[in-house]
Amino acid sequence: MARPEKHSLTLAGHRTSVSLEPEFWACFRQIAAEKDIPINALAAAIDADRGVERGLASAIRVFVLGHYMARAKAE
């Protein structure tokens, strides 16, 4: 895996930076495209559901992992 890359997202009208490995960014964008929603909207939904104990980058990684685990289980 490559080093994390920092990208800006807009959540509730505020800009924030998130560092994820390129592979996670690619998967995260793919999931947003599959759901036909902007990446910022998907990030905002994840942000709203995460607890205060988990950072946004970690919450996105867990979301991506859960998405593909659920898909694999359904197949």
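Modeller: Before we begin, one definition: the radius of gyration is taken over C-alpha atoms, and the globule rule is 2.2 Å times the number of residues to the power 0.38. This is a predicted model, in which local features need pLDDT of at least 70 and side-chain atom pairs count only at pLDDT 80 or more, while totals for chains, interfaces and linings use all residues. Residues are numbered from 1 along each chain as its sequence is written, and side-chain values use heavy atoms, with hydrogens and water left out.

Biologist: What radius of gyration does the chain have, against that of a compact globule?

Modeller: The chain has 12 Å, which agrees with the value near 11 Å for a compact globule with 75 residues. Its C-alpha trace spans about 40 × 25 × 25 Å along the principal axes.

Biologist: How many helices and strands are there?

Modeller: The chain holds three helices and two strands, in the order β-β-α-α-α along the sequence. Both kinds are DSSP runs numbered from the N terminus: helices are H or I with at least four residues, strands E with at least two.

Biologist: And how much of the chain is buried?

Modeller: Of the 75 residues, 25% are buried. Buried means under 20% relative accessible area, exposed over 50%, and partly exposed in between (1.4 Å probe, protein chains only).

Biologist: Turning to side chains, which residues form an aromatic pair?

Modeller: A search of the whole structure gives one such pair. Trp25 and Phe28 form it, tilted, at 6.4 Å centre to centre with 55 degrees between the planes. Rings of Phe, Tyr and Trp (its six-membered ring) pair if their centres lie within 6.5 Å; planes under 30 degrees apart count as stacked, over 60 as edge-to-face and the rest as tilted.

Biologist: Where do Trp25 and Phe28 lie in the helix?

Modeller: Both belong to helix H1 (residues 22–35), and because they are three residues apart, about one helical turn separates them. Trp25 counts as buried at 1% relative accessibility, and Phe28 does so at 0%.

Biologist: What sits over the ring of Phe24?

Modeller: The charged end of Arg61, 5.9 Å from the ring centre. The criterion is NZ of Lys or CZ of Arg within 6 Å of the ring centre and within 35 degrees of the ring normal.

Biologist: Another topic: is Ala45 buried, partly exposed or exposed?

Modeller: Ala45, in helix H2 (residues 39–49), counts as partly exposed because its relative accessibility is 37%. From Leu11 it is 34 residues away in sequence and 9.1 Å away in space, C-alpha to C-alpha.
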